[in-house]
Amino acid sequence: MASNNRYTLTIFMLLILFLLSILLISKRSLEPSLSLYRSFFSQAHVALNSPADSAETPTESRQSNISVSEVFVEEDKETPVSQNESFVVIHNNNNKNNNGDVSFERVNGACDLYMGSWVKDEGYPVYRPGSCPYVDGAFDCQMNGRRDSSYLRWRWKPDGCDLPRFNATDFLERLKGKRLMLVGDSMNRNQFESLLCLLREGLTNKSRMYEIYGHKITKGRGYYVFTFLDYNCTVEFVRSHFLVKEGVRINGQGDSNPTLSVDQIDKTANKWKRADILVFNTGHWWVHGKTARGKNYFKEGDYLYPKFNAVEAYRRALKTWAKWIDDNIKPSKQLVFYRGYSSAHFRGGDWDSGGSCNGETEPIFSGPFLDSYPLKMKIVEEVIQEMRNPVLLLNVTRLTNYRKDGHPSIYGQNVTDGKKISRRRQDCSHWCLPGVPDAWNELIYATLVFKQTVSIQR
């Protein structure tokens with residue numbers, strides 16, 4: 001009798017184990033096919049490639065670098081990604097809605113945010129000209145007397161998808177408790193001022209945002225920290241023209257001359273370490289006279305080159321920056337952008353030789369200039385591809401190619417009240433605000449949204 005009881009108990013236990021196994025297998029098969037990714041500070045691993053591309057490129061080969069033109073999502077650590085995935089991207093179905101709502105639309109491949117066109121949008125600009133106190137005089141074109149306003153009404157539209165409508169409050173929520181830092185030359189200051197103005201639109205009480213040292217933005221100062229009290233976050237600017245170390249030497253006549261050490265990181269780098277999100281740029285100072293000529297200017301170690309090619313110097317400087325990023329940035333906690341070269345539109349000369357862009361009121365709609373792509377950007381792409389740590393490239397070069405209408409030209413100074421302004425030196429490289437740099441910051445916002453909410457359908 002006891003033997004029969006043991007036999008019955010054994011059969012019962014085996015039946016229980018069998019039923020549990022069936023239950024676990026069913027649960028695994030019924031799991032949702034979409035998974036949301038946790039944080040935009042997690043290291044991105046998987047590119048939104050088409051299934052054909054994925055089949056040729058193993059997931060492991062993409063883990064060290066982020067493609068220069070595609071949106072990335074974080075790999076689900078518990079579920080390996082197969083090579084035959086289809087992907088979901090965010091698509092905004094209501095361009096008139098400013099609440100930032102987004103929906104999902106499935107596409108076969110990646111949405112390249114930087115291939116597209118400018119479309120008219122009467123909902124633009126996001127902030128009114130003259131309404132933002134953080135635009136310095138050189139970029140405040142409407143207040144300086146520019147009368148045409150059609151250049152304010154353009155929105156960047158990628159070919160494969162729509163960007164989520166900019167939502168300043170949502171952007172600030174994503175920045176809560178964090179430090180966003182722009183590092184670079186005056187073009188990054190142009191973008192920095194744009195970002196301050198865009199985020200200011202999300203504040204009911206504008207006094208809850210201010211520069212912590214009480215500094216007014218001018219081109220003479222190289223460090224600003226703006227705090228947003230209700231979100232415990234900061235947006236900062238650090239001036240670094242080249243991202244590598246500028247110095248001086250004393251020549252044989254006792255005069256001081258500038259130098260650039262392409263193998264040493266800039267002295268401001270200690271500030272960079274403290275940021276959660278970094279946006280770097282360099283480029284425009286590399287075409288200035290002393291840099292472009294390269295005579296007794298570039299250094300490596302203690303050696304001063306009598307003559308050195310500026311393009312090769314640019315490559316070595318970027319590699320120095322890339323090594324610093326690889327050695328000092330923690331991808332699990334920090335996010336790094338590199339903003340690409342912004343196009344200038346001088347006619348009949350350069351910035352210091354009578355070049356002009358005054359009177360331009362429409363973008364370029366066709367022609368070879370739209371496809372121009374500087375060698376500097378090819379170098380940037382090569383350097384980023386060789387890095388260990390992921391860097392997101394804000395590749396704004398082609399989208400700025402269109403916008404010959406967006407520069408201050410003669411309106412970098414006040415031309416009202418009968419003041420005589422020289423038309424020989426015009427600014428055709430920086431941008432009016434509101435204006436084109438707002439789109440760069442919308443792309444940062446879109447990237448943060450995509451990184452947090454783009455999902456993989458298995």
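Student: Why are R316 and E312 separated by about one helical turn, and which helix holds them?
Tutor: This is a predicted model, so keep that in mind as we go. R316 and E312 sit four residues apart in sequence, which means about one helical turn lies between them. The helix that holds both spans residues 310-328, and that is α7.

Student: How far apart are the closest N and O atoms of R316 and E312?
Tutor: Side chains of opposite charge can pair when their charged atoms come close. For this pair, a salt bridge needs a nitrogen-to-oxygen distance within 4 Å. R316 and E312 do form one, with their closest N and O atoms at 3.0 Å.

Student: Is R316 buried, partly exposed or exposed?
Tutor: Anything under 20% relative accessible area is buried and anything over 50% is exposed. R316 comes in at 29%, and its partner E312 has 26% and gets the label partly exposed too. So by those cut-offs R316 is partly exposed.

Student: Which residues are linked with E312 and R316 in a network of salt bridges?
Tutor: The structure holds 19 salt bridges, and the R316 to E312 pair is one link in a network of them. Besides E312 and R316, the members are E300, R315 and E382.

Student: How many residues apart are R388 and D327?
Tutor: Their side chains meet in a salt bridge, 3.5 Å from N to O. D327 belongs to helix α7, and R388 is in the loop between α8 and β18, so the pair links distant parts of the chain. D327 is partly exposed at 44%. Along the sequence, the separation of R388 and D327 is 61 residues.

Student: What is the N to O distance where the side chains of E360 and K404 meet?
Tutor: E360 is in the loop between β17 and α8, while K404 is in the loop between α9 and α10, 44 residues away. E360 counts as buried, with a relative accessible area of 17%. The salt bridge between E360 and K404 has an N to O distance of 2.6 Å.

Student: Now the sheet: which strands stand at the edges, each with a single partner strand?
Tutor: The sheet is open, with seven strands in the order β9-β10-β11-β8-β14-β17-β18 and mixed pairing. A strand at either end of that order has a single partner, so one side of it is left without a neighbour in the sheet. On average, neighbouring strands are turned by 20° against each other, direction ignored. The edge strands are β9 and β18.

Student: What is the bridge partner of Y338 in β18?
Tutor: Strand β17, residues 335-339, runs parallel to β18, and three bridges join the two. Y338 has its bridge partner in β18, and that partner is L393.

Student: Helix α8 packs on the sheet; what angle does its direction make with that of β18?
Tutor: Helix α8 covers residues 375-385 and touches β17 and β18. Helix α3 packs on the sheet as well, touching β8, β10, β11 and β14, with its direction at about 85° to that of β11. For α8 against β18, the angle is about 165°.

Student: Which side chain makes a polar contact with the side chain of H241?
Tutor: H241 lies in the loop between β11 and β12 and is buried at 13% relative accessibility. Leaving out residues up to four places away in sequence, H241 touches G184, D185, E246, T282 and W285. The polar contact, at 3.3 Å, is with the side chain of E246.

Student: Which bond at L433 is cis, and what is its omega?
Tutor: Most residues other than glycine have a negative phi, and most peptide bonds are trans. Here the peptide bond from Y124 to P125 is cis, with omega near 0°. P434 is in the loop between α9 and α10, and the cis bond joins L433 to P434 with omega about -5°.

Student: Where does pLDDT stay under 50?
Tutor: The mean pLDDT of the protein is 81, and 73% of its residues reach 70 or more. Where pLDDT is low, the predicted coordinates should not be read in detail. One stretch stays under 50 even though the model gives it 194 contacts beyond four places in sequence: residues 25-108.

Conventions
Residues numbered from 1 in each chain as written. Predicted model: local features only at pLDDT ≥ 70, side-chain atom pairs only at ≥ 80, totals over all residues. Heavy atoms only, no water. Pairing = 2+ DSSP bridges. Axes fitted to C-alpha atoms, helices over the stretch in contact; angles between N-to-C directions. Contact = heavy atoms within 4.5 Å. Buried < 20%, exposed > 50% of the residue type's maximum accessible area, 1.4 Å probe, protein only. Polar contact = N/O pair within 3.5 Å; in protein donor to acceptor, adjacent residues only side chain to side chain. pLDDT = per-residue confidence, 0-100.
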